[in-house]
Amino acid sequence: MAYEITAACVNCFACMDVCPSGAIREAKPHFLIDAAKCTHCEGDFADPQCASICPVEMAILNEFGEAANPLGSLTGIPVARLQALAAAGII
Amino acid sequence: MELKVLGPATPSEGGCSKGSCGSTDDQMAHLPEHIRERVKNHPCYSEEAHHHYARMHVAVAPACNIQCNYCNRKYDCANESRPGVVSELLTPDQAVKKTLAVAATIPQMTVLGIAGPGDPLANPARTFDTFRQLSDKAPDIKLCVSTNGLTLPDHVEELVKHNIDHVTITINCVDPEVGAKIYPWIFWKNRRIRGVKAAKILIAQQQKGLQMLVERGVLVKVNSVLIPGVNDEHLKEVSRIVKEKGAFLHNVMPLIAEEEHGTYYGVMGQRSPSQSELTALQDACGDMNMMRHCRQCRADAVGLLGEDRGQEFTLDKIDAMEIDYDAAMKKRAEIHQAIEASRDAQRAAQSAKAATATASGLPKGLRSVYMAVASSGQGVVNQHFGHAKEFLVYEASPTGARFIGHRKTDQYCAGDTTCGDAETALQRTIRVLDGCEVVLCSRIGIEPWGHLEDAGILPNGEHAMEPIEEAVMAVYREMFETGQLAPPAFENRSA
Ligand code: SF4
Ligand code: SF4
Ligand code: SF4
């Protein structure tokens with residue numbers, strides 16, 4: 001399975017610019033990864049580039065369908081706090 | 001052009017004998033002549049120029065290569081106006097088109113900046129494509145760029161090539177331990193790097209980039225976000241170091257962090273600094289040229305500072321515009337000449353008045369007074385109280401009028417109806433003016449007058465159309481003459 005972009009994506013272009021395989025394209029409502037082109041960056045880099053620059057938690061899934069950047073991993077905001085704010089409609 | 005009002009080498013409180021001390025352009029006065037010449041019509045860099053000239057930002061660079069704890073790339077709301085927030089992302093071609101349209105419609109425009117959201121130098125293709133086209137099609141527009149500095153050293157040569165003579169670097173720290181509290185991660189050499197190690201790399205790149213730009217004669221302004229308890233004390237050190245390395249201006253901006261912005265600081269309850277904390281820090285960085293009139297504009301702001309005419313230049317609207325840029329450029333040159341002529345006249349008049357004011361002397365040691373001014377530009381008191389979306393705050397003292405900063409009345413929302421709180425616009429304004437004893441405006445209604453008076457703020461509409469500093473000093477003098485500046489009775493007086 002290839003890397004995949006979810007609806008959490010904010011269309012910021014960062015991943016598209018760093019993908020060594022030209023696998024990422026601008027699309028609406030959010031960017032997309034072409035599964036046939038994605039190489040997981042193997043042979044180019046130790047870490048998948050899209051997942052290493054994406055600023056949004058949960059926006060990129062890895063080859064196992066797991067969030068490459070799970071909730072709380074990029075901002076350091078405790079997960080419980082994030083969930084409470086989201087439930088209250090604040091963020 | 002000759003600048004008539006030159007302040008002393010280091011304007012300082014009290015020790016200044018020149019009439020120009022405390023005037024709004026003393027901020028620029030101790031810069032070398034060649035730099036003053038370059039910034040005199042730049043609204044963001046010259047406190048005086050921002051009354052006359054307009055700037056615009058285009059958002060073409062959404063990607064970023066670091067994370068700041070005060071930023072959330074998800075955020076985009078029409079009611080919002082804070083840095084990094086933008087509604088309309090443009091392609092380079094669209095950005096060029098918009099710039100040409102704005103420059104033709106708003107002839108006071110002098111500067112096109114690429115700031116955010118995102119880091120322009122993390123988007124070199126889009127950023128430089130825009131600059132390349134503009135330096136060709138609109139050679140009279142100054143180009144500038146803001147960056148977090150991470151990849152700055154790699155782009156210095158290209159920046160110089162496009163004739164970009166102003167660069168802003170956001171430098172919040174020079175100590176990686178402090179940096180680790182501001183930046184959770186950076187993307188560097190194809191990896192996400194976190195913590196102190198990340199901050200160390202970022203800081204080194206920023207300092208290297210700063211040095212390289214200065215060596216090539218590019219003007220560098222440094223922005224710092226004041227984060228209470230994180231980098232407040234540290235910013236004095238930052239100011240000292242960037243000055244030493246040749247930055248010409250330091251802009252310390254207050255942190256904006258609300259829970260609903262979803263930023264780390266917002267969510268974690270990090271507080272913003274108060275106006276007096278900001279002023280105190282700006283004063284403590286006294287050695288460095290400080291910028292005090294920054295409006296923290298939106299990344300796609302258009303027009304004079306403090307106004308935003310972005311809505312007139314949406315993509316569909318500019319598509320319908322016919323633009324003859326050569327004609328527009330000629331007209332712009334004429335209008336700029338007229339602006340300069342009137343500024344010269346105003347300056348000459350002001351320095352004459354200021355000289356007499358000092359000569360007739362107010363006693364030293366009088367307490368200073370904060371006054372708010374409603375002005376829509378040109379450096380005069382010319383706005384109706386009820387129309388003011390922001391107030392300029394001045395400190396009046398025996399040494400003159402000193403610009404302290406601006407206060408917005410509706411910083412984050414469109415009004416009480418959308419915000420859902422019960423506070424009226426007037427109550428909000430009164431709260432925003434806290435600490436000011438006088439508010440100068442061209443006119444004011446009877447109802448707000450009463451409310452202001454009740455709040456201990458004296459409205460004054462008698463100086464409409466007068467230059468701000470003169471008006472401020474006239475009111476101050478009047479306060480002195482009517483005994484309002486006498487210290488309260490319970491204070492011990494030695495004289
Ligand atoms: S994993 Fe690598 S190759 Fe696949 S989309 Fe992401 S950056 Fe491109
Ligand atoms: S980096 Fe993340 S948020 Fe940005 S476009 Fe790619 S997937 Fe979307
Ligand atoms: S550098 Fe700018 S865009 Fe990037 S995270 Fe910081 S504030 Fe946001």
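**Exercise 1. Which residues touch the most other members of the largest nonpolar core, and which helix gives the largest share?**

Start with the term: a nonpolar core is a set of buried (under 20% relative accessible area, 1.4 Å probe, protein chains only) Ala, Val, Leu, Ile, Met, Phe, Trp, Tyr and Cys residues joined through side-chain atoms within 4.5 Å. In this predicted model, local features need pLDDT of at least 70 and side-chain atom pairs pLDDT 80 or more, while totals for chains, interfaces and linings use all residues. Residues count from 1 along each chain as written, chains are lettered from A in written order, and side-chain values use heavy atoms, leaving out hydrogens and water.

Next, look through the 52 residues of the largest core: Leu112(B), Leu159(B) and Leu213(B) touch the most other members. Helix H3 (a DSSP run of H or I, at least four residues), residues 92-105 of chain B, supplies the largest share, 6 residues. Then set aside a second, separate core of 26 residues, which includes Tyr3(A) and Phe187(B).

**Exercise 2. Describe how chain B meets chain A.**

First, count contacts (heavy atoms within 4.5 Å): 26 residues of chain B meet 26 of chain A.

Second, take the buried area (accessible area lost on being put together, 1.4 Å probe, summed over both): about 2,100 Å², 59% of it on carbon and sulfur atoms. Phe187(B), Asn190(B) and Arg192(B) lose the most on chain B's side, together 25% of what that side buries.

Third, check salt bridges (Lys or Arg side-chain nitrogen within 4 Å of an Asp or Glu carboxyl oxygen). There are 2 between the chains; Asp17(A) pairs with Arg126(B), closest N and O atoms 2.9 Å apart.

Key: Buried means under 20% relative accessible area, exposed over 50%, partly exposed in between (1.4 Å probe, protein chains only). Helices (H or I, at least four residues) and strands (E, at least two) are DSSP runs, numbered from the N terminus. Buried area is the accessible area (1.4 Å probe) that two parts lose on being put together, summed over both.
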